[in-house]
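Colleague: I am new to reading protein models, so could we go through this one together? Please show me the structure, and I will ask as we go.

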Amino acid sequence: MTSFLNVERSLTGRRWVGPDDAMTRRAEALAQALALPLPVARILAERGIEAPEAPGFLAPTLRDMLPDPETLRDIGPAAERLVSAATGRERIAIFADYDVDGGASAALLLDWLRQLGHRATLYIPDRIDEGYGPNAPAIAALARDHDLIVCVDCGTLSHDALAAGHGTDIIVLDHHLGAETLPPAMAVVNPNRQDEDGTLGHLCAAGVVFLTLVQAGRVLRKQGAPEPALLPMLDLVALATVADVAPLTGVNRAFVRQGLAIMARRSRPGLAALSDVARLDTAPSSFHLGFVLGPRVNAGGRVGRADLGALCLSATDADEARRLALALDELNRDRRAIEAAVRDEALSQVEARGDTALAWAAGDGWHPGVVGIVAARVKERSGLPAVVIGVEGGIGKGSARSVDGVDLGQAVQRLAAEGLLLKGGGHRMAAGLTVAEEAIPAAMARLAELIAPQMAQRRLLADLRISGLIEPGAATPELLEMIDAAGPFGQAAPAPRFAFSDLILDSASAMGENHLRASFRAAGQKPLEAVAWGAMDGELGPALLTARGRRFHAAGKLELSHWGGRARVRLRLDDVAAL
């Protein structure tokens, strides 16, 4: 395949690859048939959308895309029991994971129950003292004082812990990979149970909770009882879907599209407060969910109080929401400092070892609250699936992040079944594990072996995929609005990356802790403003700081920047190639 713009090796060491001739012809045909700008038609062509499907794709509705909840096993009994407990004023406890998906899932249930005049107990385990998922002491304590326990974003593999809740009904609403046997619960609603067909396996836990509430609404309707409003809750589903790196395909696409529109109304005090402390002065996009709001919600579970994120998301009072958002923002700053130190050590280990299939690192005293996000950074830097493990008292607790095409959750689960891990599980793109310190090298070697066949099908040195060439003058707010109609963009639905040829670098300066601001120009055209997030941590930022006046091809994703009350197009810079 010929390199795009003849870039065989960019400044970051990547080859640029554009659409092949067949894809280009399809995009041109779609542009002509649908009277669309070619950049928009290129997105449709990349997604495999034909002309008759385009109107529905560009304007997805939840009504058209929402699956029948009853396709999920156990959802009927789960919804019936939830309704009976709520309307019968039984005592309900919600046991949730401490990440964004768990917090949003808990907030969904708290909101739904509140609309029925019911207040539930929220329990989120401490990451350090209790670890991930249900534990026997916590479940036993909740069972003594409650009639129903609902586990969200956890519980599918918690056989022993849930057994401690005997005498109390337990419902599991989860999406993590299941084992051959299910835990002792009255209902386990999980599209990734082994006896499910996987059709809805792309849902995050909040998506599973939402479908359960849709089914619960049917139960209430049959009883002639009032139903809580569900559509306003899609802001939480959207946040969880993006933050949990769920693929933006199928109903997830409608969840996020509709949820972003709802979030823009700022009707949920917690999300409005989080947006304010993050100084988000524009309507949120999927980028903001994943990289601005999500990390703040996560911060409580990572380095602070585990329940802060869920409490903020479920807050109904604006002053309380702001107090919680400020606390989360402060914890997020603490998290960044801790993360930076662990990240540097982890990357040094990976580089020294020369990992080629699985990038992994382990260290004494590494904070368990940041190993997941550091694993994501190691994955981004290496282009490999990554595992980062913090060791304390001879036990390692780690998080894993995968790349497209590699099912890391299944491999980790197999590793646990083989006895190399004390505990492990997850989903395709992310997993968690617990391992004895002395077993870490052998476990990582075996994990690399398990994923090797999938890795063999990928290029280990990832090419930079380019959707097409565009002139700076064509990058207008109007074009961005049309491109956004083909979104939202995220996991399994990447935002289009455009190349700009033969630009002169007018200016480049550091921005914040590790970002870069730059301006490019082409002959006879308006300047193209650019920002490169995290560029100062790699090769891109330092190189451009000293390259004023030089000519480059540039590649990145277009976005709208709002400054001084005016919207203008900005390039989120991914790479450059010197001319």
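Colleague: In which sense do strands S2 and S3 pair, and over how many bridges?

Modeller: Keep in mind that this is a predicted model. Find strand S2 at residues 92–96 and look at its pairing with S3. Within this pair, phenylalanine 95 stands opposite tyrosine 123 in S3. The pairing of S2 and S3 is parallel, over three bridges.

Colleague: Which helix running at about 160° to S2 lies across S2, S3 and strand S4?

Modeller: Strand S4 covers 148–152, and the helix to look for spans residues 100–115. Another helix, H7 (residues 136–145), packs on the sheet too, touching S2, S3, S4 and strand S5 (169–173), but its direction makes about 165° with that of S2. The helix at about 160° is therefore H6.

Colleague: Which strands stand at the edges of the sheet, each with a single partner strand?

Modeller: The open sheet has five strands, paired in parallel, in the order S3-S2-S4-S5-S6. A strand with a single partner has one side left without a neighbour in the sheet, so we look for strands of that kind. They are S3 (121–123) and S6 (187–189).

Colleague: And by how many degrees are neighbouring strands of this sheet turned against each other on average?

Modeller: Here the direction of the strands is ignored. On average, the turn between neighbours is 15°.

Colleague: Why is the sulfur of cysteine 312 not bonded to the closest cysteine sulfur?

Modeller: The structure as a whole holds zero disulfides. Cysteine 151, for example, has its nearest cysteine sulfur, that of cysteine 154, 5.1 Å away, while a disulfide needs sulfur atoms within 2.5 Å. For cysteine 312 the closest sulfur is in cysteine 204, and it is too far for a bond because the distance is 18 Å.

Colleague: Is cysteine 312 buried or exposed?

Modeller: The cut-off for buried is under 20% relative accessible area. Cysteine 312 has 0% relative accessibility, so this residue counts as buried.

Colleague: How many residues apart are aspartate 74 and arginine 193, the pair that links distant parts of the chain?

Modeller: Their side chains meet in a salt bridge, at 3.0 Å from N to O. Aspartate 74 sits in the loop between helix H4 (62–65) and helix H5 (75–87), and arginine 193 in the loop between S6 and helix H9 (205–222). Along the chain, the two are 119 residues apart.

Colleague: Which of those two partners is buried?

Modeller: Aspartate 74 has 26% relative accessibility and so counts as partly exposed. The relative accessible area of its partner is 7%, so the buried one is arginine 193.

Colleague: Which helices hold arginine 377 and glutamate 339?

Modeller: These two residues form a salt bridge, with their closest N and O atoms 3.2 Å apart. The pair ties together parts that are 38 residues apart in sequence, because arginine 377 lies in H16 and glutamate 339 in H15.

Colleague: One last pair: which strands hold arginine 551 and aspartate 502?

Modeller: The side chains of arginine 551 and aspartate 502 meet in a salt bridge at 2.8 Å, N to O. Arginine 551 is partly exposed, with a relative accessible area of 43%, and aspartate 502 is partly exposed at 36%. Arginine 551 belongs to strand S17 (residues 551–563), and aspartate 502 to strand S14 (residues 498–511).

Technical notes: Residues are numbered from 1 along each chain as its sequence is written. This is a predicted model: local features need pLDDT of at least 70, side-chain atom pairs count only at pLDDT 80 or more; totals for chains, interfaces and linings use all residues. Side-chain values use heavy atoms; hydrogens and water are left out. Two strands pair if DSSP finds at least two bridges between them. Helices (H or I, at least four residues) and strands (E, at least two) are DSSP runs, numbered from the N terminus. Axes are lines fitted to C-alpha atoms, for helices over the stretch in contact, and angles run from 0 to 180 degrees between N-to-C directions. Contact means heavy atoms within 4.5 Å. Buried means under 20% relative accessible area, exposed over 50%, partly exposed in between (1.4 Å probe, protein chains only). A salt bridge is a side-chain nitrogen of Lys or Arg within 4 Å of a carboxyl oxygen of Asp or Glu.
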